[in-house]
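Dear colleague,

I am handing over the structure we spoke of, and below it I have set down what was found in it. Please read the notes with the model open beside them.

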Amino acid sequence: MQPLVFIARLIGPLFVVLGVGILLNQAVYADMIGQAVLIPVLIYLTGMLALTAGVAMLNGYHAWTADWRVVITILGWIMVIAGIVRIVLPAVTAVLAIGLYSGSSAMPIVAVIVLVVGVFLSYQGYFRMQTL
């Protein structure tokens, strides 16, 4: 199995479950985020996890193609940048998270984006028959 397909198969279902979870439990997720950003060690640990996952994704596949595969590259870079920001600027991360997730419309928007990306990657990884 190619690394690209492996990454799509790994991230796709995770994002689907996260998106559905957020949609069904918006208040719970908003509360969890609100609590998590008050604990600096959680910001640091999630930064380490995001940076590690992003670098792993980019090591598995990194190309700026004009097709669906660029989604993997973009997600990898987003995770790398998010990890770096959380590690280097944890206070900024807390302020941004509180500001972003305190609004009532942020959670469903984030949930739908995560769900759509997850369904797309799951489809590409599991159901689309193609040769790369």
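To begin with helix H4, its buried residues are Val70, Ile72, Thr73, Leu75, Gly76, Val80 and Gly83, and please keep in mind throughout that this is a predicted model. Those buried residues of H4 pack against three other helices, namely H1, H3 and H6. The end C-alpha atoms of H4 lie 27 Å apart, and because 19 residues at 1.5 Å a residue should span 27 Å, the helix agrees with the expected value.

Two residues of H4 deserve a separate word. Thr73, which is found in this helix, counts as buried because its relative accessibility is 0%, and the cut-off for that class is under 20% relative accessible area. Once residues up to four places away in sequence are set aside, Thr73 touches Leu58, Tyr61, His62, Ala63 and Trp64. Ile87 also lies in helix H4, but with a relative accessible area of 29% Ile87 is classed as partly exposed. Not counting residues up to four places away in sequence, the partners that Ile87 touches are Tyr44, Gly47, Met48 and Leu51. For the last of these partners there is also a backbone distance: the C-alpha atoms of Ile87 and Leu51 are separated by 9.0 Å, although the two residues are 36 residues apart along the chain.

Which residues make up the largest nonpolar core? The core has 12 residues in all, and they are Leu4, Ile7, Ala8, Ile11, Phe15, Met57, Tyr61, Trp68, Ile72, Leu75, Val114 and Leu121. At least two residues of this core are supplied by each of helix H1 (3-24), helix H4 (70-88) and helix H6 (106-127), and the largest share, five residues, comes from H1. As a view from a single member of the core, Leu121 is in contact with Ala8, Ile11, Gly12, Trp68, Val71, Ile72 and Leu75, if its neighbours within four places in sequence are left aside.

Helix H1 can be described in the same manner as H4. With 22 residues, H1 reaches 32 Å from its first C-alpha to its last, which is close to the 32 Å expected at 1.5 Å a residue. Its buried residues are Leu4, Val5, Ile7, Ala8, Ile11, Gly12, Phe15, Gly19, Gly21 and Ile22, and these pack against helix H2 (26-36), H3, H4 and H6. In reading such a list it may help to recall that an α-helix has 3.6 residues a turn, so residues three or four places apart point the same way.

Turning to the surface, there is a nonpolar patch formed by Leu38, Ile39, Val41, Leu42, Tyr44, Leu45, Met48 and Ile98, with about 710 Å² of accessible area together. Helix H3 (residues 40-60) gives the most to this patch, with five residues. One member of the patch, Leu45, lies in helix H3 and is partly exposed, its relative accessible area being 41%.

The two remaining helices are represented here by one residue each. Gln26 is found in helix H2 and is partly exposed, at a relative accessible area of 27%. Apart from neighbours within four places in sequence, Gln26 is in contact with Met107 and Pro108, and its C-alpha atom is separated by 8.7 Å from that of Ala111, a residue 85 residues apart from Gln26 along the chain. Thr93, in turn, lies in helix H5 (residues 90-101) and counts as buried at 12% relative accessibility; leaving aside its neighbours within four places in sequence, Thr93 is in contact with Ile43, Val85 and Arg86.

Finally, how many salt bridges are there? The count comes to one salt bridge, in which the side chains of Arg69 and Asp67 meet at 2.9 Å, N to O. Is each partner buried or partly exposed? Arg69 is buried, with a relative accessible area of 19%, which is under the 20% cut-off, whereas Asp67 is partly exposed at 31%.

With kind regards

Definitions and conventions: Residues numbered from 1 in each chain as written. Predicted model: local features only at pLDDT ≥ 70, side-chain atom pairs only at ≥ 80, totals over all residues. Heavy atoms only, no water. Patch = residues over 30% accessible without salt bridge, like charges linked within 9 Å, V, L, I, M, F, W, Y side chains within 5 Å. Areas by Shrake-Rupley, 256 points an atom, 1.4 Å probe, with all protein chains shown as cover. Salt bridge = Lys/Arg side-chain N within 4 Å of Asp/Glu carboxyl O. Helix = DSSP H or I, 4+ residues; strand = E, 2+ residues; numbered from the N terminus. Buried < 20%, exposed > 50% of the residue type's maximum accessible area, 1.4 Å probe, protein only. Core = buried A, V, L, I, M, F, W, Y, C linked by side-chain atoms within 4.5 Å. Contact = heavy atoms within 4.5 Å. Expected span 1.5 Å × (residues − 1).
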